[in-house]
Amino acid sequence: MSGPQRVLQVCADDFGLMPAISRGIAQLAQLGRLTAISCLTNGPHWPGSAPMLADLPTGVDRGLHFNLTEGVPLSAELRRRWPRLPALHTLILRAHLGRLPLREIGCEWRAQFRAFSEQVGAPPRFVDGHQHVHHLPGIREVVLEHVTAGPAGIAVRNTGHMRGPGNSLKRCLIERTGGRQLQRLLLRAGIAHNRALLGAYDFKDQDYRGRMQRWLAAAPPHGGLLFCHPAASAVASSGADAHDPIAPARLREAAYLGSSAFVEDLAEASVGLGRAWLTTQSV
């Protein structure tokens, strides 16, 4: 029997945001259901969650989930300007009006990057943004400046080519708020990135398996990255979901990704899990 015809990277976002989220992600990685984990490092739960990353299977990339919309800035410089990070819609508006404190955002990038490296013992294999903030005007230039000046081989999540069923408005908004411009800069600079991005939806669909089957059908032969947001069931029982608007979706995603149904669906779609990062020459 021949091997999978297509390779897809499955990345769980928000590791470090809440203990139950980190546990759920680590459990799925141990099962071999994830090939990347994106880590949010400015919150109070990050230091306690980071040790879960130490003994994951080979082939699970660890990345930085740059956060400018959740909680409190890690750097003193940005904290003086923004005691709390703004809501996503506020950040998008300020970015497109050219009203961001970019020097302080650069300080925040360095602080979150350093927090990752100190806890993991190595720089991130890739970087992206919580709620895709890394592609916004001004912010993307800060991110790419530091990526190109930093350790070699760091990939960047490309949000400029969204694939998948339904939610065409959300996919369009992600591309047009900065994803397409980021993609052009990644290609121009020769920075490794994913060819296509899947996983966007409204978090309300009860049939996550059906949606995943359609994402798998839409995945390219190589360079596809699917992002997800699973969490352990403890999120619901601890009361932490009161502060997490997508808690029910996290539980649905974790249940499916940890099940035999996910394995069956991968096989049926002739998709294997692996890495998505491609260079300009590969695209």
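# Exercises on a predicted model

The structure holds zero disulfides. The model is a predicted one. Work through the tasks below with the coordinates open.

## Exercise 1. Cysteines

Task: Explain why Cys39 forms no disulfide, and say whether Cys39 is buried or exposed.

Solution.
- Step 1. Find the partner. The closest cysteine sulfur to that of Cys39 sits in Cys11.
- Step 2. Take the distance. The two sulfurs are 8.6 Å apart, so the gap is too far for a bond. A disulfide needs sulfur atoms within 2.5 Å.
- Step 3. Check Cys228. Its nearest cysteine sulfur is also that of Cys11, 7.0 Å away. Cys228 is in no disulfide either.
- Step 4. Check burial. Cys39 has 0% relative accessibility and counts as buried. Cys228 is buried too, at 0%.

## Exercise 2. Positive phi

Task: Asp14 and His132 both have positive phi. Place each in the fold and classify its exposure.

Solution.
- Step 1. Read the angles. Phi is near 80° for Asp14 and about 65° for His132. Neither residue is a glycine.
- Step 2. Locate them. Asp14 belongs to strand β1, residues 6–15. His132 lies in the loop between β4 (126–129) and α6 (139–149).
- Step 3. Apply the cut-off. Buried means under 20% relative accessible area. Asp14 has 2% and is therefore buried. His132 has 12%, so His132 is buried as well.

## Exercise 3. Two residues of helix α5

Task: Describe the surroundings of Leu102 and Glu104.

Solution.
- Step 1. Place them. Leu102 is in helix α5, which covers residues 102–120. Glu104 is in α5 too.
- Step 2. Classify exposure. Leu102 has a relative accessible area of 36% and is partly exposed. Glu104 has 10% and counts as buried.
- Step 3. List contacts, leaving out residues up to four places away in sequence. Leu102 touches Gly138, Ile139 and Val142. Glu104 touches Ser75, Glu77, Leu78 and Arg81.
- Step 4. Compare chain and space. Leu102 and Pro137 are 35 residues apart along the chain. Their C-alpha atoms are separated by 10 Å.
- Step 5. Look for polar contacts. The Glu104 side chain meets that of Arg81 at 3.3 Å. A polar contact of 3.5 Å links the side chains of Glu104 and Arg103.

## Exercise 4. The largest pocket

Task: Which residues lie nearest the centre of the largest pocket, and which element gives the most to its lining?

Solution.
- Step 1. Size it. The volume is about 700 Å³.
- Step 2. Read the lining. The largest pocket is lined by 32 residues. Leu88, Gln131, His132, Lys170 and Phe203 lie nearest its centre.
- Step 3. Assign elements. Those giving two or more residues to this lining are β1, α4 (88–96) and α7 (168–189). α7 gives the most, with four residues.
- Step 4. Sort by class. The lining has 14 nonpolar, 11 polar and seven charged residues.
- Step 5. Link back. His132, the positive-phi loop residue, is among those nearest the centre of this pocket.

## Exercise 5. The second largest pocket

Task: What are the volume and the lining of the second largest pocket?

Solution.
- Step 1. The volume of the second largest pocket is about 360 Å³.
- Step 2. Its lining holds 17 residues. Nearest the centre are Leu17, Pro44, His45, Glu70 and Gly71.
- Step 3. By class, the lining of the second largest pocket divides into eight nonpolar, seven polar and two charged residues.

Notes:
Residues are numbered from 1 along each chain as its sequence is written. This is a predicted model: local features need pLDDT of at least 70, side-chain atom pairs count only at pLDDT 80 or more; totals for chains, interfaces and linings use all residues. Side-chain values use heavy atoms; hydrogens and water are left out. Buried means under 20% relative accessible area, exposed over 50%, partly exposed in between (1.4 Å probe, protein chains only). Contact means heavy atoms within 4.5 Å. A polar contact is a pair of N or O atoms within 3.5 Å; within protein, one must be able to donate a hydrogen and the other to accept it, and residues adjacent in sequence count only if both atoms are side-chain atoms. On a 1 Å grid over the protein atoms alone, a cavity is a set of points where a 1.4 Å probe fits but cannot get out, and a pocket is an open set with protein on both sides within 12 Å along at least five of seven lines; lining residues have an atom within 4 Å of a point. Grid points are joined across faces, edges and corners, and a volume is the space filled by probe spheres set on the points. Ala, Val, Leu, Ile, Met, Phe, Trp, Tyr, Cys and Pro count as nonpolar, Asp, Glu, Lys and Arg as charged, and the others, Gly among them, as polar.
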